[in-house]
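Me: I am new to protein structures. Please pick one part of this one and take a close look at it with me, then show me how the rest fits around it.

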Amino acid sequence: MAIGFMKNVFTFGRNKGPKDDPQVVAETPEDVALPEEQEVVFPEAPAPEAPAVVEEADSADPWDDDSIVGGVVGPSTVEPEEAELVQPEVRPEPAAEVPPAPPVETPAPEAPPAHVKNTGFEIVSGPRPVAPAVAQPKKRMTWFQRLRAGLLRTSQQLSGQIAALFTKRKLDEEALEELEDLLIQADLGVETAMRITDTLSSERYGRDVSGKDVVRIMAGEITKVLEPVARPLALDLSVKPHVILVVGVNGTGKTTTIGKLAAKLTRAGLKVTLGAGDTFRAAAIEQLKIWADRTGAEFVGTKLGADAAGLAYDAFKRGQENGSDVVIIDTAGRLQNKAELMDELSKIVRVLGKLDPDAPHTVLQTLDATTGQNAMNQVEIFRNVAGVSGLVMTKLDGTARGGILVAIAAKHKLPVYFIGVGEGIDDLEPFEAAEFAQAIAGTELEEEA
Ligand SMILES: Nc1nc2c(ncn2[C@@H]2O[C@H](COP(=O)(O)OP(=O)(O)OP(=O)(O)O)[C@@H](O)[C@H]2O)c(=O)[nH]1
């Protein structure tokens, strides 16, 4: 769409506007938001058939989401209802004496950009909904910049140590061992550390090697480890509703992730029911209700201290009755070593299975990127108790320690569907291997995400 020409600063749904955020930089004049109500008119109309320009709708509409438009779920051709169509200004016809322009070859249709943004989920079977009309959001700092900022400490520390290690040095056994230690300290895991040193050794053993060479090889190897797990969340809507149970340790971002995911799904035209299965925390029930209201999802709640498995059952049943495509059930945060809480989790899974033996169809575990090594432990235990089938890593915008996700990917090979890069409704991004690897390594992305 011609709207791709207009990259504006996106301010909706954030606690801070770009001006308040020292990290937010308008990269080019194009990044500066256009004043509202101002007509967008190209100064020179290159050809009379230039496409119509859709003026950006006010981002006060919370359902703007560029990750859905053009995604796998809904048709990307729906035009925003409220958006004003403005034809580019066409200059008057040239005077008669001007010789006719030479025939111009019709340009080939533009190839799609190499980097087509995905939504992080795909409907693998069943009816495809019609996405409601949405307008393009105004961009603020890109999610990649936030991811990069979050992983800055990891990347700077790593690249600094690597640079120090490989200053005027030939690649020998000792250097390889030291490098391996550095990589393990950065939470990347023994397997990935060895993979990196093996590749480096086979390419450069006995030769001069710079820190830059090492970082480049590291980014490549991390990408290879992450690629197999960078999978979209598959929704099989031939059997509705698809039930997603969200589990994880306290404060890892379950409720927030549910809200962001509900926003993605409802924007794509799916009907969503949210079940407040965190019956331990009154605030969690309230918080989920607010997300349901914001996202247009149905809400099923109960009173504080009620049986969580009963609530999960009710939410699933309500989802079946109200024709939901997806039911997402929140659960109370629990430490992995609290046996009775973990038992409760397996009870929830069993009870959901009474309505459909395949339910929950997805068990999503949230991991807090600031916790480091402990996250590995959490995956192991929740996987055993609740049959975790996919991961979301949250808080990658903070002072994150993203290395552990690489170790988890190498060990568990569980799909990583999304990453959380902020507290706002739009701060859930599909997980993409190369971007993540580049952010950890601190290397440049060839093209901006
Ligand atoms: N910066 C940042 N904060 C996040 C992200 N995801 C969640 N949070 C914040 O983390 C805190 C905890 O999030 P919740 O969604 O309440 O976590 P929870 O797992 O449901 O918590 P419990 O119900 O206590 O288990 C909240 O302040 C969220 O706003 C993220 O991606 N980035």
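Reply: What follows starts with the confidence, then takes one strand, its partner and the loops beyond.

Residues are numbered from 1 along each chain as its sequence is written. This is a predicted model, so local features need a pLDDT of at least 70, side-chain atom pairs count only at 80 or more, and totals for chains, interfaces and linings use all residues. pLDDT is the predictor's confidence in each residue, from 0 to 100. The protein chain has a mean pLDDT of 76, and 69% of its residues reach 70 or more. Over residues 1–99, pLDDT stays under 50. Residues 106–116 are also below 50. Where pLDDT is low, the predicted coordinates should not be read in detail.

Now the part itself. Helices (H or I, at least four residues) and strands (E, at least two) are DSSP runs, numbered from the N terminus. The chain has twelve helices and 14 strands. Our pick is strand S12, residues 390–394.

Is S12 covered or open? It is mostly covered, with five of its five residues buried. A residue is buried if 20 or more other C-beta atoms lie within 10 Å of its own, exposed if 12 or fewer, and partly exposed in between; C-beta atoms are placed from the backbone. In a regular strand the side chains alternate between the two faces of the sheet. In S12, Gly390, Val392 and Thr394 take one side. Leu391 and Met393 take the other. Both faces are covered. For scale, 45% of the 449 residues of the chain count as buried.

Next, the partner. Two strands pair if DSSP finds at least two bridges between them. Strand S11, residues 362–368, pairs with S12 in the parallel sense over five bridges. One of the links joins Gln365 to its bridge partner Leu391 in S12.

Now look at both ends of S11. Pro360 sits in the loop between helix H9 (339–355) and S11. The peptide bond from Ala359 to Pro360 is cis, with omega near -5°. Most residues other than glycine have a negative phi, and most peptide bonds are trans. Elsewhere, Lys240 and Pro241 are also joined by a cis bond, with omega about -5°. Pro241 lies in the loop between strand S6 (233–236) and strand S7 (242–247).

On the other side of S11, Gln373 lies in the loop that leads to helix H10 (374–386). Gln373 counts as exposed because it has 12 other C-beta atoms within 10 Å. Two residues are in contact if their C-beta atoms, placed from the backbone, lie within 7 Å. Leaving out residues up to four places away in sequence, Gln373 touches Asp187 and Ile404. Its C-alpha atom is 9.3 Å from that of Gly189, which is 184 residues away along the chain. Such links span the whole chain: residues 24 or more positions apart account for 81% of its contacts with a separation of 6 or more.

Follow that touch to Asp187. Asp187 is in the loop between helix H3 (173–185) and helix H4 (190–204). It counts as buried because it has 22 C-beta neighbours inside 10 Å. Its phi is positive, about 70°, although it is not a glycine.

Lys413 makes a useful pair with it. Lys413 also has a positive phi, about 55°, and is not a glycine either. It lies in the loop between helix H11 (403–412) and strand S13 (416–420). With 10 C-beta neighbours inside 10 Å, Lys413 counts as exposed.
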